[in-house]
Amino acid sequence: MTRLGLVLYVSAFLLASASTVFYFVPYYQFWVLVTNVGSTEFYVAVLPVVYHALPRAAAMGLALSLLAAATAAGLLKDILKLPRPPEDLWRVRAEGYGFPSGHATGSTAFWGYLSIYRASAPLVAFSAVLIVSVSASRVILGVHYPRDVLGGVLLGVVAATLSYLAVRALDSTRLAAAGAAVGVAGLALHYLGLGELEPPSALLGVAVGELVCGRLGLTGRAGWRYGVLGSVLALAVGIPALRLDHPIASPALMALAGFLAVLAPRLAWSRLGGGGGKEGSSG
C-alpha cells in the first residue's frame, strides 16, 4: 500500500468514527467543520491543486464535473423552488431554495469523479465517507431535508459519470470547448432568471485557460506544488467575486479566477520547473 493510500484509509476511518459519535452525541461545531468541506470556498482552494496533479484531459473532466454539477444544481433550485426547513431549525446560515443540496452535489461531483477516474480502494473509501458526512451535516445542521441531499448526491453521480465518459471520448481541446459551452449556457440562463453566476463563470474561465494553454503549448502536468499557486490566485480573485453582488463584476472575477488557476501554474512550471510543456513530462 502506498503512503497516500494509507493516509486516505486512516482519514476515512477517523472521519467515519467521528461522524458516528457526533451523530448520536450531537456536537454541532464538528458538523459545521464538515459542512465547510463542501463549501464553494473549499473547492476554490482545492480544485487547482488536484487539477494540476492530473493529466490535462482528466483535469478538465474534474472541473467539468464539479462546475457543471453546481450549475445544474442552481438551475434546479430555481426551477423547482422547493423550500428549506424552517429557519428556527437552522444552525448555520443558508441561502436560496432547498433542492438539491449544493454541498452534497459538489462533494459528490468532485470526489465521485476522482473515484471513477482513479478507482483505488483507499480513494473510494475516503470519498464515500466524505460525501456521506458532508451530506449528513446539511441535515443535522437543519438547512436541508434528506430529499435535498439525496437529490444532490444523485446529481453529482450523474455529473461525475458523464464527465468521465466525456474524458474517454474527447480530446483536451474538445473538452475545453464543451466546458466553455456549458459555462456560456449557464450564464445565459442566469441572466434569464435561472441559476447562479459563479459556477458557470468559473467553468468558462477554466475552459478558456485550457484553450490558451493549448495554443501556447503548455499541455504538460505541472504537479500539485505548482497547483498551490493556482489556489492562491483563485482564492485572491474568487473570494471577492463571491462576496460581490454585481451582474458583471462578479462573473468576470470568477472567470478570471478560473483562468489564472489554470494558466499561472503551467506558466510557472514551464519557466521554473524545467517543463517542456508536453503531456507527461512532469509528475
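**Salt bridges in a predicted model**

Trainee: What makes Asp 148 and Arg 147 a salt bridge?

Mentor: Their closest N and O atoms are 3.1 Å apart. A salt bridge is a side-chain nitrogen of Lys or Arg within 4 Å of a carboxyl oxygen of Asp or Glu, so the pair counts. This is a predicted model, in which local features need pLDDT of at least 70, side-chain atom pairs count only at pLDDT 80 or more, and totals for chains, interfaces and linings use all residues. Residues are numbered from 1 along each chain as its sequence is written, and side-chain values use heavy atoms, with hydrogens and water left out.

Trainee: Why is Asp 148 called buried?

Mentor: Its relative accessibility is 0%, and buried means under 20% relative accessible area (exposed is over 50%, partly exposed in between; 1.4 Å probe, protein chains only), so Asp 148 is buried.

Trainee: Why does Arg 147 count as partly exposed?

Mentor: Arg 147 has 36% relative accessibility, which lies between the two cut-offs, so the label is partly exposed.

Trainee: Which residues are joined into one network by salt bridges that share partners?

Mentor: Arg 56, Glu 210 and Arg 266.

Trainee: What makes Arg 56 and Glu 210 a salt bridge?

Mentor: The N to O distance between their side chains is 2.6 Å, which is within the 4 Å limit, so the pair qualifies. Both residues are buried.

Trainee: What about Glu 87 and Arg 93?

Mentor: Their closest N and O atoms are 3.3 Å apart, so this pair is a salt bridge too. Both Glu 87 and Arg 93 are exposed.

Trainee: How many salt bridges does the rule give?

Mentor: The count is five.
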